[in-house]
Amino acid sequence: MRIVFIRHLKTPGNEKRQYIGRTDEALSEQAVEEFRLCQGKSIVGLYPPVWYIITSPMKRCIQTAGLIYPGQEISTEPMLRECDFGEYEQKTYEELKDEPEYIRWMESGGMTAFPRGEDQTSFRRRCVDGVKSWIDRLLEECADSVAFIVHGGTIMAVFSELAEDKYEFYHWQVENGSGYVAEVSAEDWKNGRKVLRKVKRL
(Lines give C-alpha, C1' and ligand atoms only; values in the text may rest on other atoms or scores of the structure.)
Protein backbone atom coordinates (compact mmCIF):
# COMPACT_ATOMS: atom_id res chain seq x y z
CA MET A 1 0.00 0.00 0.00
CA ARG A 2 1.28 3.44 -0.93
CA ILE A 3 1.06 6.05 1.82
CA VAL A 4 1.38 9.80 1.24
CA PHE A 5 1.96 12.27 4.06
CA ILE A 6 1.35 15.95 3.27
CA ARG A 7 1.77 18.93 5.57
CA HIS A 8 -1.09 21.42 5.23
CA LEU A 9 -0.62 24.67 3.31
CA LYS A 10 0.27 27.86 5.19
CA THR A 11 -1.98 29.63 7.67
CA PRO A 12 -1.65 33.28 8.73
CA GLY A 13 0.19 32.08 11.85
CA ASN A 14 2.63 30.04 9.75
CA GLU A 15 3.37 33.11 7.67
CA LYS A 16 4.20 35.02 10.86
CA ARG A 17 6.37 32.05 12.05
CA GLN A 18 4.19 31.55 15.13
CA TYR A 19 3.76 28.31 17.06
CA ILE A 20 0.35 27.12 15.87
CA GLY A 21 -0.96 23.97 17.51
CA ARG A 22 -4.45 23.93 19.04
CA THR A 23 -5.40 27.18 17.28
CA ASP A 24 -7.87 26.17 14.58
CA GLU A 25 -6.75 28.54 11.85
CA ALA A 26 -7.99 28.41 8.28
CA LEU A 27 -5.49 28.62 5.43
CA SER A 28 -4.24 32.07 4.50
CA GLU A 29 -5.73 33.73 1.43
CA GLN A 30 -2.25 34.00 -0.04
CA ALA A 31 -1.58 30.26 0.36
CA VAL A 32 -4.87 29.37 -1.35
CA GLU A 33 -4.25 31.85 -4.17
CA GLU A 34 -0.71 30.55 -4.75
CA PHE A 35 -1.96 26.97 -4.84
CA ARG A 36 -4.65 27.81 -7.38
CA LEU A 37 -2.15 29.68 -9.55
CA CYS A 38 0.04 26.58 -9.58
CA GLN A 39 -2.78 24.23 -10.54
CA GLY A 40 -2.26 22.93 -14.03
CA LYS A 41 1.44 23.80 -13.78
CA SER A 42 3.93 22.53 -11.20
CA ILE A 43 1.18 21.02 -8.99
CA VAL A 44 0.35 18.41 -11.62
CA GLY A 45 2.08 15.18 -10.69
CA LEU A 46 3.30 16.47 -7.32
CA TYR A 47 0.58 14.78 -5.28
CA PRO A 48 -0.07 11.11 -6.18
CA PRO A 49 -3.69 9.97 -6.63
CA VAL A 50 -5.02 8.01 -3.65
CA TRP A 51 -8.05 5.92 -2.70
CA TYR A 52 -8.48 7.26 0.83
CA ILE A 53 -7.86 10.63 2.50
CA ILE A 54 -7.34 10.95 6.25
CA THR A 55 -6.84 14.35 7.85
CA SER A 56 -6.41 15.98 11.20
CA PRO A 57 -9.73 17.56 12.26
CA MET A 58 -8.18 21.04 12.09
CA LYS A 59 -9.51 23.43 9.42
CA ARG A 60 -6.11 23.90 7.80
CA CYS A 61 -5.77 20.19 7.05
CA ILE A 62 -9.34 19.69 5.82
CA GLN A 63 -9.04 22.73 3.54
CA THR A 64 -5.72 21.51 2.14
CA ALA A 65 -7.23 18.09 1.42
CA GLY A 66 -10.10 19.75 -0.45
CA LEU A 67 -7.68 21.72 -2.61
CA ILE A 68 -5.34 18.83 -3.43
CA TYR A 69 -8.01 16.15 -3.81
CA PRO A 70 -11.21 18.02 -4.75
CA GLY A 71 -14.42 16.04 -4.57
CA GLN A 72 -12.96 13.07 -2.70
CA GLU A 73 -14.36 11.88 0.61
CA ILE A 74 -12.36 12.90 3.68
CA SER A 75 -12.15 11.10 7.02
CA THR A 76 -10.84 13.00 10.05
CA GLU A 77 -8.77 11.54 12.88
CA PRO A 78 -8.46 13.49 16.16
CA MET A 79 -5.29 11.61 17.15
CA LEU A 80 -3.44 13.31 14.26
CA ARG A 81 -3.95 16.91 15.39
CA GLU A 82 -0.92 19.10 16.05
CA CYS A 83 0.71 19.41 19.47
CA ASP A 84 -0.81 21.89 21.93
CA PHE A 85 1.93 24.46 22.50
CA GLY A 86 0.36 25.76 25.70
CA GLU A 87 1.70 29.20 26.66
CA TYR A 88 3.83 29.28 23.49
CA GLU A 89 0.75 29.10 21.27
CA GLN A 90 0.65 31.93 18.68
CA LYS A 91 4.04 33.25 19.83
CA THR A 92 7.24 33.50 17.80
CA TYR A 93 10.83 32.63 18.57
CA GLU A 94 11.64 36.34 18.79
CA GLU A 95 8.97 36.80 21.48
CA LEU A 96 10.17 33.80 23.49
CA LYS A 97 13.94 33.61 23.01
CA ASP A 98 14.85 35.40 26.25
CA GLU A 99 12.42 33.54 28.52
CA PRO A 100 14.24 31.06 30.83
CA GLU A 101 11.57 28.38 30.46
CA TYR A 102 11.73 28.60 26.68
CA ILE A 103 15.53 28.42 26.75
CA ARG A 104 15.31 25.22 28.84
CA TRP A 105 12.82 23.81 26.36
CA MET A 106 15.13 24.57 23.45
CA GLU A 107 18.12 23.07 25.27
CA SER A 108 16.16 19.86 25.85
CA GLY A 109 15.73 19.44 22.10
CA GLY A 110 12.04 20.27 22.48
CA MET A 111 11.40 17.28 24.75
CA THR A 112 10.28 18.96 27.94
CA ALA A 113 6.55 19.70 28.27
CA PHE A 114 5.30 23.05 27.04
CA PRO A 115 4.10 25.28 29.90
CA ARG A 116 0.39 24.37 30.23
CA GLY A 117 0.78 22.49 26.96
CA GLU A 118 1.17 18.94 25.74
CA ASP A 119 3.96 16.59 26.73
CA GLN A 120 6.10 15.69 23.71
CA THR A 121 6.21 11.97 24.48
CA SER A 122 2.42 11.79 24.70
CA PHE A 123 2.00 13.86 21.54
CA ARG A 124 4.32 11.66 19.50
CA ARG A 125 2.76 8.45 20.80
CA ARG A 126 -0.81 9.47 19.92
CA CYS A 127 0.24 10.47 16.38
CA VAL A 128 1.96 7.14 15.79
CA ASP A 129 -0.94 5.20 17.30
CA GLY A 130 -3.42 7.11 15.13
CA VAL A 131 -1.54 6.30 11.93
CA LYS A 132 -1.03 2.65 12.90
CA SER A 133 -4.73 2.25 13.60
CA TRP A 134 -5.67 3.60 10.17
CA ILE A 135 -3.10 1.49 8.37
CA ASP A 136 -4.42 -1.61 10.16
CA ARG A 137 -7.94 -0.75 9.04
CA LEU A 138 -7.02 0.08 5.45
CA LEU A 139 -4.95 -3.07 5.00
CA GLU A 140 -7.98 -5.07 6.12
CA GLU A 141 -9.93 -3.33 3.35
CA CYS A 142 -7.15 -4.10 0.82
CA ALA A 143 -6.71 -0.40 0.11
CA ASP A 144 -4.27 0.53 -2.62
CA SER A 145 -3.27 3.97 -1.32
CA VAL A 146 -3.99 6.64 1.29
CA ALA A 147 -3.03 10.25 1.95
CA PHE A 148 -2.61 11.60 5.47
CA ILE A 149 -2.95 15.38 5.35
CA VAL A 150 -1.72 16.55 8.70
CA HIS A 151 0.72 18.83 10.55
CA GLY A 152 4.49 19.17 10.48
CA GLY A 153 4.83 17.83 14.01
CA THR A 154 2.60 14.87 13.21
CA ILE A 155 4.74 13.92 10.23
CA MET A 156 7.96 14.19 12.24
CA ALA A 157 6.50 12.05 15.03
CA VAL A 158 5.36 9.31 12.66
CA PHE A 159 8.51 9.06 10.57
CA SER A 160 10.96 9.25 13.49
CA GLU A 161 9.16 6.20 14.90
CA LEU A 162 8.06 4.17 11.86
CA ALA A 163 10.44 4.95 8.98
CA GLU A 164 12.66 2.02 8.01
CA ASP A 165 15.66 4.35 7.86
CA LYS A 166 16.09 5.73 11.36
CA TYR A 167 16.67 9.44 11.84
CA GLU A 168 15.88 11.81 14.69
CA PHE A 169 12.64 13.77 14.96
CA TYR A 170 13.71 17.03 13.31
CA HIS A 171 15.30 15.27 10.33
CA TRP A 172 11.76 14.73 9.03
CA GLN A 173 10.73 18.41 9.07
CA VAL A 174 9.00 19.54 5.87
CA GLU A 175 7.67 22.79 4.47
CA ASN A 176 3.95 23.52 4.14
CA GLY A 177 2.49 21.62 1.20
CA SER A 178 5.38 19.17 1.13
CA GLY A 179 5.74 15.69 2.62
CA TYR A 180 6.72 12.09 1.93
CA VAL A 181 5.61 9.02 0.03
CA ALA A 182 6.22 5.59 1.57
CA GLU A 183 5.14 1.98 1.18
CA VAL A 184 3.75 -0.56 3.61
CA SER A 185 4.00 -4.31 3.08
CA ALA A 186 0.72 -5.91 4.16
CA GLU A 187 2.48 -9.17 5.03
CA ASP A 188 5.18 -7.48 7.10
CA TRP A 189 2.68 -5.19 8.83
CA LYS A 190 0.39 -8.04 9.85
CA ASN A 191 3.39 -9.98 11.14
CA GLY A 192 4.35 -7.15 13.47
CA ARG A 193 7.03 -5.47 11.31
CA LYS A 194 5.28 -2.12 11.25
CA VAL A 195 7.57 0.11 9.23
CA LEU A 196 7.29 2.66 6.43
CA ARG A 197 9.56 1.53 3.60
CA LYS A 198 11.01 3.20 0.47
CA VAL A 199 10.46 6.68 1.86
CA LYS A 200 10.79 9.47 -0.71
CA ARG A 201 10.31 13.23 -0.44
CA LEU A 202 7.42 14.72 -2.40
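## Cysteines, a buried leucine and a negative patch

C83 is tucked away from the surface: its relative accessible area is 1%, so it counts as buried. Keep in mind that what you're looking at is a predicted model.

Does a sulfur atom alone make a bridge here? Let's start with the count: the structure holds zero disulfides. For C83, the closest cysteine sulfur belongs to C127, and because the two sulfurs are 8.1 Å apart, they are too far from each other for a bond. A disulfide would need the pair of sulfur atoms within 2.5 Å. C142, on the other hand, is exposed, with a relative accessible area of 63%.

Here's how some residues sit with respect to the surface:

| Residue | Relative accessible area | Class |
|---|---|---|
| C83 | 1% | buried |
| L80 | 0% | buried |
| E15 | 37% | partly exposed |
| C142 | 63% | exposed |

Now for L80, which is in the loop that runs between β3 (75–76) and α4 (93–96). With a relative accessible area of 0%, L80 is buried. Along the chain, L80 and Y69 are 11 residues apart, and their C-alpha atoms are separated by 19 Å.

Over on the surface, there's a negative patch to look for. Which residues form it? E15, E29, E33 and E34 do. Helix α2 (residues 29–38) gives the most to this negative patch, with three residues. E15 comes from elsewhere in the chain, namely helix α1 (residues 12–15). At 37% relative accessibility, E15 counts as partly exposed.

Conventions:
Residues are numbered from 1 along each chain as its sequence is written. This is a predicted model: local features need pLDDT of at least 70, side-chain atom pairs count only at pLDDT 80 or more; totals for chains, interfaces and linings use all residues. Side-chain values use heavy atoms; hydrogens and water are left out. Patches are made of residues with over 30% relative accessible area and no salt bridge: like charges are joined within 9 Å, nonpolar side chains (Val, Leu, Ile, Met, Phe, Trp, Tyr) within 5 Å. Accessible areas come from the Shrake-Rupley method with a 1.4 Å probe; for residues, only the protein chains shown count as cover. A salt bridge is a side-chain nitrogen of Lys or Arg within 4 Å of a carboxyl oxygen of Asp or Glu. Lys and Arg count as positive and Asp and Glu as negative; His and the chain ends are not counted. The place of a charge is taken as NZ of Lys, CZ of Arg, CG of Asp or CD of Glu. Helices (H or I, at least four residues) and strands (E, at least two) are DSSP runs, numbered from the N terminus. Buried means under 20% relative accessible area, exposed over 50%, partly exposed in between (1.4 Å probe, protein chains only).
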